[in-house]
Amino acid sequence: MSGSFVSHALASAALVALVGFTPNLAMPAIAADEVPTQALDPAIVAALARVKANELREIDTKLVGFGTRNLFSEGSHNRSRGVYAARDWLSGQFGDVAKTAGDRMTVKFDTFVQEKTARTPRAVETSSVYATLRGDDPTRGTIVISSHYDSRNSDGSDPIKDSPGADDNGSGTSAVLEAARAMAPMHFPATIVFVCFDGEEQGLFGSAHFAKMLKDRGTVVEANLNNDIIGASVGHGGEQSPNDVRLFSEALPADAKPGRVNATGTENDSPARELARAAKAIGEAYLPTMHVNLIYRADRFLRGGDQESFAENAFPAIRYVEAHENFDHQHQDIRVENGLQYGDLLRYVDFDYVARVTRLNVAAAATLALAPPAPVTEIDNRKLAYDSTLLWAAVPHAQSYEIMWRQTSEPTWSHARNVGAATTATLPLSKDDWLFGIRALDASGHASVVAFPTAKTK
Ligand SMILES: [Zn+2]
């Protein structure tokens, strides 16, 4: 760092002699403020060790064993086959988890009649299962770790033929249940909800109902980590990617005002995107072999996921997906055609990989649930200035705050400076040229998601 500073200073001196003006020397000094390495919390490390590939395999094997988990198999009065048999088994599993959490965890169904849509043959009772791990601080919000447990084959409305859904989405559902097991013994200020949705495949029915219910109740959803298709480490073309996962986040929240976005340059700093950046940084700190690849879009082309239901209610929501998909193994009848095996079969799921993605979820959710909430932040825009002043509201349990910044064209936060317990700070950098945010840290170093400022105009 000092070497580049010297060479920059020398170059600057030469430039002054040549053209007679002084370049801004504050920049290289400011560049020394590197984002600190995440301190690892031994309690979170222990929780990650409780996530086991063999347990994930057992869960997914059980789910596949229900034959089909198609939404329209709900009428089957069969304890061993169909979506409700799977739901009841999941509920029992969450019930066992609850016993390890004292009286802090409750298990419920979110059941409702979904009306017929253009894509469905009839109205259908839809039932998601969720476990709530109550936080210790009633002023804190809720973090939702989700998946969908329903499945489909080539015909989205077929309740009869097998729809194993081992990867889509037995993998994500195994992750949610295993995350609950790993986290239930811990105490968090924030509440954590572990939810497995029904009716995803026909139109995000379960999550739409659930996210709206949370909105109507006034629940503050601080984060939704959605897991959908996180099981395969080999792609359609044979690509091996056992250490890569994609993390999707939307560009603009549902309540964004395009005029304001264009004026202030916030199109790459939605709450979902800040959540994705935080989840990547935390995840890669705890699992240094993993690459969490940020994808700056809401979801893949022609596909969606339950995080979109949360986004629709203006909750920050992100989705984990395996790095390389194989569409022959999704939404397909089990069959061999021209020597090619179709179907979403267990044999294509790599449970060591599912375990790693589950640990990314646990690391991110646990850190954010332990950290203070993100502070409401403003950037002073009351006058023209050559520097940047930020102001933020103090949050409970914050021991210090960090200003984060980066160039407007940089994808992730590249600089940080801890300003102690202050609730305002000025940096000698032009607010026209940089992006800024604030995060809150507790005494142990758990950091909140970065809060992106709105403009303070009076
Ligand atoms: Zn899915």
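1. Domains first. The domain assignment splits the protein into domain 1 (1-32), domain 2 (42-370) and domain 3 (373-458); such bounds come from an automatic or database domain assignment. Taken over C-alpha atoms, the centres of domain 1 and domain 2 are 50 Å apart.

2. Some housekeeping. This is a predicted model, in which local features need pLDDT of at least 70 and side-chain atom pairs count only at pLDDT 80 or more, while totals for chains, interfaces and linings use all residues. Residue numbers start from 1 along each chain as its sequence is written.

3. Now the core. The largest nonpolar core has 116 residues. For this term, buried Ala, Val, Leu, Ile, Met, Phe, Trp, Tyr and Cys residues are joined through C-beta atoms within 7 Å. Buried means 20 or more other C-beta atoms within 10 Å of a residue's own, exposed means 12 or fewer, and partly exposed is in between, with C-beta atoms placed from the backbone. The residues with the most contacts inside the core are Ala180, Met183, Ile192, Phe194, Ala279 and Ala365. Helix α11 (residues 351-370) supplies the largest share, 14 residues. Domain 2 (42-370) and domain 3 (373-458) each give at least three residues to this core. As a reminder, nonpolar side chains tend to be buried together in soluble globular proteins.

4. What does Phe194 touch, not counting residues up to four places away in sequence? The list is Tyr130, Ala131, Ile145, Val176, Ala179 and Ala180. Contact here means C-beta atoms, placed from the backbone, within 7 Å.

5. On to helix α7 (residues 205-217). Helices are DSSP runs of H or I with at least four residues, strands are runs of E with at least two, and both are numbered from the N terminus. The 13 residues of α7 reach 18 Å from first C-alpha to last, close to the 18 Å expected at 1.5 Å a residue; the expected span is 1.5 Å times one less than the number of residues. Buried residues of α7 are Phe205, Gly206, Ser207, Ala208, His209, Phe210, Ala211 and Leu214. The buried residues pack against β1 (105-114), β2 (124-133), β3 (142-148), β4 (191-197), β5 (221-227) and α10 (307-312). Just after α7, Gly218 has a positive phi of about 80°.

6. Helix α9 (residues 271-286) has 16 residues and spans 23 Å from its first C-alpha to its last, close to the 22 Å expected at 1.5 Å a residue. In α9, 13 of the 16 residues are buried, so the helix is largely enclosed by the rest of the structure.

7. One open sheet has three strands in the order β14-β13-β16, with antiparallel pairing; two strands pair if DSSP finds at least two bridges between them. β14 (415-418) and β16 (434-441) are the edge strands with a single partner each, so one side of each has no neighbour in the sheet. From one strand to the next the twist averages 25°, with axes being lines fitted to C-alpha atoms (for helices, over the stretch in contact) and angles running from 0 to 180 degrees between N-to-C directions.

8. Strand β13 (residues 400-407) and β16 run antiparallel and are joined by eight bridges. Glu402 has Arg439 of β16 as its bridge partner, and Trp405 stands opposite Phe436 in β16. Although β16 is at an edge, seven of its eight residues are buried, so β16 is largely enclosed by the rest of the structure.

9. Is Gln407 buried or exposed? Gln407, in strand β13, is exposed, with 11 other C-beta atoms within 10 Å. The C-alpha atoms of Gln407 and Leu435 are separated by 6.1 Å, with their positions 28 residues apart along the chain.

10. The other open sheet to look at has four strands, ordered β15-β12-β11-β17, and its pairing is mixed. At its edges are β15 (424-427) and β17 (454-456), each with a single partner strand, so one side of each is left without a neighbour in the sheet. Twist averages 30° from one strand to the next. Strand β11 (residues 377-380) runs parallel to β17, and three bridges join them. Asp380 stands opposite Lys456 in β17.

11. Last, Ser91, in helix α5 (residues 83-98). Ser91 is partly exposed, with 17 other C-beta atoms within 10 Å. Beyond neighbours within four places in sequence, Ser91 contacts Val107 and Val129.

Methods: Two residues are in contact if their C-beta atoms, placed from the backbone, lie within 7 Å.
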